[in-house]
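Biologist: Please walk me through this model. I want to know what stands behind each term you use.

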Amino acid sequence: MTSLPPPVLRRSLAQRLRVLFATPMNAAITLAMIGLAAWLGPKLFVWAVSDATFLGSDRKACGDGACWIFIRIRMHDLMYGSYPTPETYRPDLCALALVALIGAAAWPGNPRRTEGLVALLLVYPLAALLFLRGGFAGLPVVETRLWGGLLLNFVLSFIAIVVSVPLGLLLAEGRRSSQPEIAAFCTGFIEIWRAAPIVTILFFGIVILPLMLPRGIDFNKFGCVAIALTLFSSAYMAEAIRGGLQALPAGQHEAALSLSLKPWQARLLVVWPQALRLSIPAIVTNAIDLFKDTSLVTIVGLFDLLGSLQQAIKDPQWLGLAAEGYVFVAGVFLAICSVLSFLARRLERELAVDRHR
Amino acid sequence: MAAAHPIALEGRSQPRGGRARRLAQQGAFYAVLIALGASLLYNIDRNLAERGLSLSFDFLARPAGFEIAIKAIDFSPRDTYAAAALVGIVNTLLVSALAIVTATIVGFTAGAMLLSSNPILARSTQAFTELIRNTPQLLQILFVYTVILRALPSARESLSLGGAVFLNVRGLFIPAILTDPAAMPRFGIAANEAAWLCLAGLIASLFLPLSRRWKTWLAGGLLAVLAGLLAAMLGGALKIETPVLRGFNFRGGVQVAPELVALWIGLAVYASGFIADMVRGAVLAVPKGQGEAAAALGLSPFLTLRLVKLPQALRILVPPLVSQYLNILKSSTLGLAIAYPEIMAVVAGTTLNQTGHAIETMLIVMLFFIGTNLTISYLINVYNRRVVLRGGL
């Protein structure tokens, strides 16, 4: 039986405009919105562009509009923190590689997409961390305590995401385990981390975690925060992956067993790849949230993008420029998170199509 | 997949292997758990001993010795650390309650705007929610605190609402409901807040598309509280005091500190961005025929939304809505960044710094959050059993 696709309604521009004035209510709303835009738009434009100062090197060059010089002068702090200036090519190269790999993993036409994903999630994080730290092949060591700015947001969220997905998978399997002790332990672990605010968890990382470590093992603040964020993220990843495990028909596991695969083979080769695929949208949503949440490390005294800005606006030379700073930082987060959510939505559509085929 | 499967029990994996193997697995699990726990406790014990600390909650009974700038219940530095923690808890609950009410109202309104047939309105609301959802919450709170609130006029040029509510750079000034100090000396501020929360709750509950029975109960209860307050007022136990400009600042009334206002706005706006999208999704999930039938009966688009679509959407909406409310409660800890004395700032901040009791203070904070989370999860399960399943959408 063949079926025709539903007819596509094409409306002309005039018809579309008519919607705006279809009822008195709609007309009033349209006029109010146009009025608001006509009042606010020019004001914003004048502040951010036409009256703004882009060139110059000190405060005196700035006029009535936005003072973007401030951002330009503080750009190194905002992007790299205290990372030494001659070495900044390293984070730059890492960022380029990241963009290239995300592109390779997300581009549907890529024949080697799986390899791209493996490189992105397994090879890249280790390689990038080693490269950023240096200490081999003539690269000077850059201690983690010097890392800051947007670089720190990326490093922390990347460590947390890459480690928390396998941890989350184990926790999710544990929560579904038929052994009540294991299920109870995993459920408790997941729920405790999900009940606590992230600020509390960051405090846990820098205050309690050092007390729990045996003698001789000593992490700096960066390490403690990275561990705390990873544990926090793994609880959320566990719930995302549990959704995927539950959505997978039980027949898949049974079919694998009936083909005389061993139970661990059935999980590793049949259940996990499919369940992870099903939970990708939820995992990406968690990843975006985590990226935004890394800005909270400001509260425990690490200088990420937001923390570096908080320091910069207290500089006596540049007082009163908080608005410019916040607009810039918000723009950076907005751009990165929007791109990631766009990719997530496309991936979700693609997976939905695959499932219905 | 219609027939019940013989093997799959609640989707859980089946126990495998013999009894002996199962026992061995359990034994191994307990052994690992005990070893891990013991080594953690051993480490904590040794590390504390090295720092000259011991595990004890005795410090809670000692005088705190610090002042709390924003408080909803009476507190002085002579009071104990336990009392200080209580002030922090009340502050957390206060800002969360305010933000939850505001976020619900703003979120539902924005959700309705997202569903508007006017594309300009729908698209600009969407742009705004995307901006809110894709920037960090801490950034928004800091922006409100350091940019927007600082740009407000001075006390002399306050923005005023009917000569009773004033907004200026020093915060929000609202009328106070004062108790007769002779009658109830300790509950002065609390009575005032209770009255204001009742008022806000009344407005919010009338706004919410709850079922009629719930709404009657809610509105009735709140009206009773208000009537009680009114009676007390007429009897002379309570009186209303509006803030008045004297010199450079306002006297009388209640001053809502800028920190509270900033945190309140920041929490409410962030959550409302998410609530708006949930409302939109839930309404779109209502079968299309419902809206068409309502239109055929001659209901206007607004009434269709209000009377037909929203009540049905609420069944899908309530669980994620409550998890947003829990997020507001958890995110109120961001008050730490702008010196709003909520539980983290008071207990894990000042108290921890003064006493050094890291584990005890963190335990108090964790217990508070786990307790509230479990309570609310339990309530939501009760709601789900009673409403969602019975409806069978």
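**Terms put to the test**

Modeller: The model is predicted. Chain A is divided into domain 1 (21–61) and domain 2 (70–83 + 142–356).

Biologist: How do you know where the domains of chain A begin and end?

Modeller: Their bounds come from an automatic or database domain assignment. The C-alpha centres of the two domains of chain A lie 37 Å apart.

Biologist: What makes a residue of chain B count as touching chain A?

Modeller: Its C-beta atom must lie within 7 Å of a C-beta atom in the other chain. By that test, 50 residues of chain B are in contact with 46 residues of chain A. Several helices of chain B each supply at least two residues to this side, including α1 (19–50), α9 (301–331) and α11 (358–391).

Biologist: Which classes of residue does that side of chain B hold?

Modeller: It has 29 nonpolar, 17 polar and four charged residues.

Biologist: What makes a set of residues a nonpolar core?

Modeller: Its members must be buried, of the listed nonpolar kinds, and joined through C-beta atoms within 7 Å. The largest nonpolar core has 155 residues. Val225(A), Ala99(B), Ile141(B) and Trp264(B) touch the most other members. Helix α2 (residues 81–114) of chain B gives the most to this core, with 18 residues.

Biologist: Why is Val225(A) called buried?

Modeller: Val225(A) belongs to that core, and a core takes buried residues. Buried means 20 or more other C-beta atoms within 10 Å, so Val225(A) meets that cut-off.

Biologist: Which residues beyond its neighbours in sequence is Val225(A) in contact with?

Modeller: Leaving aside neighbours within four places, they include Leu156(A), Gly205(A) and Val300(A).

Methods: Residues numbered from 1 in each chain as written. Chains lettered and ligands numbered in written order. Predicted model: local features only at pLDDT ≥ 70, side-chain atom pairs only at ≥ 80, totals over all residues. Contact = placed C-beta atoms within 7 Å. Helix = DSSP H or I, 4+ residues; strand = E, 2+ residues; numbered from the N terminus. Nonpolar A, V, L, I, M, F, W, Y, C, P; charged D, E, K, R; others polar. Buried ≥ 20, exposed ≤ 12 C-beta atoms within 10 Å, placed from the backbone.
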